[in-house]
Structures are given as C-alpha cells and as structure tokens.
Amino acid sequence: MEKTIDSARIAQNIKNLRQSKQLTQIEMADLLGYSERQVRRLETEGTMNIYVINLIAQTFKISALDILLSGMF
C-alpha cells in the first residue's frame, strides 16, 4: 500500500472512522464541537489542517497517523 497523504484519503478515513463507531454526522459533530456541515465537508473534502486531525485523533483516542495514512476503520 502506498503511503501518500492526500485529502481524499483523509476524507475517507474520517468517514470510515465515524461509521466504525456507529455515529451519525450529527453525533460526531457534537463530539468535536463542530457543525454537521463541517463534518460533511471533512468527509467529502478531507483536511490538511493538523489541528483538526489532532482533534479527531484525540477525541477517538487514536493516532493522527491513523487518520492520515490508514484505511483501517
């Protein structure tokens, strides 16, 4: 598996993470302190903002690298 970082991979990993936790976009938004629209955008466009990536990682007690590189969710 190639280990490149791109927004599309991050978007898919965020969506997979949310679904693996059986959360709706609204529930995830509440956990992160974001709006549902922001979560939808994260799941479609991804993000390269390390603050956002770290926030998601800390909220779900995973490594930021899991969001950046993995597809394990």
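**Exercise 1. List the residues that Tyr 34 contacts, leaving aside neighbours within four places in sequence.**

Solution.
- Step 1: apply the criterion. Contact means heavy atoms within 4.5 Å.
- Step 2: read off the partners. Tyr 34 is in contact with Ala 29, Leu 42, Tyr 51, Val 52 and Leu 55, its neighbours within four places in sequence being left aside.
- Step 3: place the residue. Tyr 34 sits in the loop between H2 and H3. Helices here are DSSP runs (H or I, at least four residues), strands are E runs of at least two, and numbering starts at the N terminus.
- Step 4: check a C-alpha distance. Tyr 34 and Arg 18 are 16 residues apart along the chain, and their C-alpha atoms are separated by 14 Å.

A note on the input: this is a predicted model, where local features need pLDDT of at least 70, side-chain atom pairs count only at pLDDT 80 or more, and totals for chains, interfaces and linings use all residues. Residues are numbered from 1 along each chain as its sequence is written, and side-chain values use heavy atoms, with hydrogens and water left out.

**Exercise 2. Describe the overall fold and dimensions of the protein chain.**

Solution.
- Step 1: count the elements. The protein chain has five helices and zero strands.
- Step 2: write the pattern. Along the sequence it reads α-α-α-α-α.
- Step 3: test compactness. The radius of gyration is 11 Å, close to the 11 Å from the globule rule for 73 residues, so the protein chain is as compact as a globular protein of that length. The radius is taken over C-alpha atoms, and the rule is 2.2 Å times the number of residues to the power 0.38.
- Step 4: get the extents. The C-alpha trace spans about 30 × 20 × 20 Å along its principal axes.
- Step 5: look at sequence separation. Among contacts between residues at least 6 apart in sequence, 59% join residues at least 24 apart.

**Exercise 3. Dissect the largest nonpolar core.**

Solution.
- Step 1: define the set. A nonpolar core consists of buried Ala, Val, Leu, Ile, Met, Phe, Trp, Tyr and Cys residues joined through side-chain atoms within 4.5 Å. Buried means under 20% relative accessible area, exposed over 50%, partly exposed in between (1.4 Å probe, protein chains only).
- Step 2: find the hubs. The largest core has 20 residues, of which Ile 14, Met 28, Ile 56 and Ile 67 touch the most other members.
- Step 3: assign elements. Two or more residues each come from H1 (7-20), H2 (25-32), H3 (36-45), H4 (50-60) and H5 (64-69). H4 gives the largest share, six residues.
- Step 4: expand one hub. Beyond its neighbours within four places in sequence, Met 28 is in contact with Ile 14, Arg 18, Leu 23, Val 39, Ile 56 and Phe 60.
- Step 5: relate this to the chain. Of its 73 residues, 42% count as buried.

**Exercise 4. Where do Gln 22 and Lys 61 lie, and are they buried or exposed?**

Solution.
- Step 1: recall the background. Most residues other than glycine have a negative phi.
- Step 2: check the backbone. Gln 22 has a positive phi of about 55°. Lys 61 also has a positive phi of about 55°.
- Step 3: locate them. Gln 22 is in the loop between H1 and H2, and Lys 61 is in the loop between H4 and H5.
- Step 4: classify. Gln 22 is exposed, at 72% relative accessible area. Lys 61 is exposed, at 75%.
- Step 5: add Lys 21. Lys 21 lies in the loop between H1 and H2 and is partly exposed at 43%.
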